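Here is a friendly walk through the contacts that hold your attention when you open a model like this one. Keep the viewer at hand and follow along.

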Amino acid sequence: MDYIVLDVETPNSKNDSICSIGVQLLTDDRVTDEWYTLVDPEDIFEDFNISIHHITPDMVEGAPKFEEVWARIAPHTLSRVFVAHNAEFDLTVLAKALENRKIGVPRLRYLCTVDLARRLHFDYKNVKGDLVLSNLSRTLGVELTEHHNALYDTRACSGILLRLGEMYDFDPSAYVRNFRYPKVHTRRYGSKFKSEPHGRSD
């Protein structure tokens, strides 16, 4: 199975634009390409986000716009499975950024390393803190030298995927999901269900 592994950083709490992205291509469990870029989100930056990834508005001046970044990702949407740590977040940010620019959201297949680790390594135990990228990387012996740098986070995500593959005999295709956007979830009211927007889960 061929993968495109990615991590995005966002400039503000709307989580509908991107200020940096890291990408790796995995073919036959080997990294065949990787790239990182700052992105001009054409949006405001909030102090909290800056405190996490340390990317400031002046750093993205002259950086590629999202459309340029998507042009590099788009050719892989049909041939590769997307992989991210807490993948619903990263893919939802991508989908919102596409929607904002009136670009259609394609059908995406994905694997989530949080989900894989919860199932395979922790056997569904309630270990939310252990599933944080930095903690899980440490537990599995995967290198993560600069957390919240999108390229290093992407490398760690790839490393987790490959390490789980070494440790456990599993068929990755059994864990592949179809990404759906926009999100809805259901809340029970007596015998009825009500659909509501699905918010950020991390």
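Arg-119 is partly exposed in this predicted model, with a relative accessible area of 28%. Its salt-bridge partner Asp-115 counts as buried, at 9% relative accessibility. Their closest N and O atoms are 2.9 Å apart. Both residues belong to helix H4 (residues 113-120), where they sit four residues apart, about one turn of the helix. Arg-177 joins in as well: salt bridges that share partners make one network of Asp-115, Arg-119 and Arg-177.

**Salt bridges across the chain**

How many salt bridges does a search of the whole structure find? The count is seven, and the table shows some of them, including the pair just described.

| Acidic residue | Basic residue | Closest N and O atoms |
|---|---|---|
| Glu-34 | Arg-155 | 2.5 Å |
| Asp-115 | Arg-119 | 2.9 Å |
| Asp-40 | Lys-65 | 3.6 Å |

Take Glu-34 and Arg-155 to begin with. Glu-34 is in strand E3 (residues 30-38) and Arg-155 is in helix H6 (residues 150-167), so their salt bridge ties together parts that are 121 residues apart in sequence. Glu-34 counts as partly exposed at 30% relative accessibility, and Arg-155 counts as partly exposed at 32%.

Asp-40 and Lys-65 also form a salt bridge. This pair links distant parts of the chain, 25 residues apart: Asp-40 is in the loop between E3 and helix H1 (47-53), while Lys-65 is in the loop between H1 and H2. Asp-40 counts as buried, at 16% relative accessibility, whereas Lys-65 is partly exposed, with a relative accessible area of 29%.

**A buried glutamine beside Glu-34**

Now move to Gln-24, which lies in strand E2 (residues 20-27). Is Gln-24 buried or exposed? Gln-24 has a relative accessibility of 5%, so it counts as buried. Its side chain makes a polar contact of 2.8 Å with the side chain of Glu-34, and another of 2.6 Å with the side chain of Ser-158. Leaving out residues up to four places away in sequence, Gln-24 touches a set of residues that includes Tyr-3, Ile-4, Val-5, Val-31, Thr-154 and Arg-155. Glu-34 and Arg-155, the salt-bridge partners from the table, are thus both among the residues that Gln-24 touches.

**The nonpolar cores**

The largest nonpolar core has 51 residues, and those with the most contacts inside it are Tyr-3, Ile-18, Ile-21, Ile-73 and Phe-82. Helix H3 (residues 87-100) gives the most to this core, with eight residues. A second, separate core has six residues, among them Ile-50, Ile-55, Val-60 and Ala-63. Which residues does Ile-73 touch, not counting those up to four places away in sequence? They are Ile-4, Ile-21, Trp-35 and Phe-82.

**Around Thr-77**

Thr-77 lies in the loop between helix H2 (66-73) and strand E4 (81-84). Its relative accessible area is 9%, so Thr-77 is buried. A polar atom of the Thr-77 side chain lies 2.9 Å from the backbone oxygen of Ala-74. Leaving aside neighbours within four places in sequence, Thr-77 is in contact with Trp-70, Phe-82, Pro-106, Arg-107 and Leu-108.

**Aromatic pairs**

The structure holds three aromatic pairs. In one of them, the rings of Phe-66 and Trp-70 have their centres 6.5 Å apart and their planes at 20°, so this pair is stacked. Phe-66 and Trp-70 are four residues apart in helix H2, so about one helical turn separates them. Both residues are buried. Phe-170 and Tyr-175 form an edge-to-face pair, with 5.7 Å from centre to centre and 80° between the planes. Phe-170 counts as buried at 16% relative accessibility, and Tyr-175 counts as buried at 18%.

**How far to trust the model**

The protein averages a pLDDT of 91, and 91% of the residues score at least 70. Residues 186-202 are another matter: pLDDT stays under 50 there, and the model has 26 contacts beyond four places in sequence for this stretch. Where pLDDT is low, the predicted coordinates should not be read in detail.

Key
Residues are numbered from 1 along each chain as its sequence is written. Side-chain values use heavy atoms; hydrogens and water are left out. A nonpolar core is a set of buried Ala, Val, Leu, Ile, Met, Phe, Trp, Tyr and Cys residues joined through side-chain atoms within 4.5 Å. Buried means under 20% relative accessible area, exposed over 50%, partly exposed in between (1.4 Å probe, protein chains only). Helices (H or I, at least four residues) and strands (E, at least two) are DSSP runs, numbered from the N terminus. Contact means heavy atoms within 4.5 Å. pLDDT is the predictor's confidence in each residue, from 0 to 100. A polar contact is a pair of N or O atoms within 3.5 Å; within protein, one must be able to donate a hydrogen and the other to accept it, and residues adjacent in sequence count only if both atoms are side-chain atoms. A salt bridge is a side-chain nitrogen of Lys or Arg within 4 Å of a carboxyl oxygen of Asp or Glu. Rings of Phe, Tyr and Trp (its six-membered ring) pair if their centres lie within 6.5 Å; planes under 30 degrees apart count as stacked, over 60 as edge-to-face and the rest as tilted.
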